[in-house]
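Visitor: Could you walk me through what is packed inside this protein, and tell me how you know it?
Guide: Gladly; let's look at it together.
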Amino acid sequence: MKATVHQSLSDVLAREAAQFVQDEYFDWTVYTALAEVEEDAQRKQLLSSLAEKELQHYEFWKAISGQDGKKTNGIVLHLLLLMRKVVGLVFTMKFLELHEREVVQRYREWLPRLEAEDRERLSAIVQDEEEHERYFVSQVDEPVLRYIGFIALGLSDAIIEITGVHAGFLGVTGSTLMAGIAGLVVGFAASISMGVAAYLKAKSETRSKPLTSAVVTGISYLLAVIVLALPYFLTHNMLTAFVVSVILAVCLSVAFTFYVSVVNETNFKREVLENTSLLLGTAFATYLFGELLGAIFGVQQPFS
């Protein structure tokens, strides 16, 4: 590689190359930090290997741009390390990969601008970026990934069903306490039912342990139920409690949908739109049904 390549770059290309230097240096910093905190020997070795690759990429763009670029956003780095602890290593790797897809496309645009030797090295870098994270993820077996389908089953059912229960009570009673208790009772019974269903489902699968699957599904369901019922015990205003509960339901749905979309590489916007539509549609339908029952049995009470 020629050390003077950067001298022939335009100002725009020089700034872009300098950004590549910074990106690769930050990636090296992240993978190095992840390797340092990793306790599993195999994962530590794989992360160290990824860090070494990113360092080589950094050196390449450093020579191209003629700039050092050794800057690291400490806040972002610590947030990524926190993310690794909270939601797992695979999600963190996949999350980092979201940005790298765009970077790879920009790298491809650079190929015609380089001489043969540099073009060959950049092609190898593109291949690294496209393959090494996927290879790493394929080597990691995190328990949460084996049971993510059961977590989704518990959360999604709870969010839709309990929101529907609370919406139905808008047309039946003005008591937030009654609505909150009803949500908890229905949710507790449903969590047991979902746990049993998950147990039977897991018995036919080889990756999941039936009992663990049942517990994961039931707990996911019950936690969502508690979160959605909480507003009804903190206010005496039925409409306020319902609105806050729906907001919490949407937030839970969006957060988990984002997690699943990153891990499974699905379309986040489409999934969020579909889940939110189902949630609000269920709430509206059960509200109308509650109004109907209240009118039929003469127990309708205006909510305040």
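Guide: Keep in mind that this is a predicted model. A good place to start is L34, which touches L47, L81, R84, L89 and M93, leaving aside residues up to four places away in sequence.

Visitor: What makes you say that L34 touches L47?
Guide: Contact means heavy atoms within 4.5 Å, and L34 and L47 are in contact, so they are said to touch.

Visitor: Which residues have the most contacts inside the largest nonpolar core?
Guide: They are Y31, L34, L47, M93 and F136, in a core of 46 residues. Several helices give two or more residues to this core, among them α1 (11-37), α2 (41-65) and α10 (238-264). The most come from α7, with 7 residues.

Visitor: Why is L34 called buried?
Guide: Buried means under 20% relative accessible area, and core members must be buried; L34 belongs to the core, so it falls under that cut-off.

Visitor: What does the second, separate core include?
Guide: That core has 18 residues, including V21, Y58, F60 and L111.

Visitor: How many cavities of 30 Å³ or more does the structure hold?
Guide: There is 1, with about 40 Å³ of space in the largest cavity. Its lining is made by D23, E24, D27, H99, E100, V103, Y107 and E129. Both α1 and α4 give two or more residues to this lining, and α4 gives the most, with 4.

Visitor: Why are 5 residues of that lining counted as charged?
Guide: Asp and Glu count as charged, so D23, E24, D27, E100 and E129 make up the 5. The rest of the lining divides into 2 nonpolar and 1 polar.

Definitions and conventions:
Residues numbered from 1 in each chain as written. Predicted model: local features only at pLDDT ≥ 70, side-chain atom pairs only at ≥ 80, totals over all residues. Heavy atoms only, no water. Core = buried A, V, L, I, M, F, W, Y, C linked by side-chain atoms within 4.5 Å. Buried < 20%, exposed > 50% of the residue type's maximum accessible area, 1.4 Å probe, protein only. 1 Å grid on protein atoms, 1.4 Å probe; cavity = no way out; pocket = protein on both sides within 12 Å on 5 of 7 lines; lining within 4 Å. Points joined across faces, edges and corners; volume = space filled by probe spheres on them.
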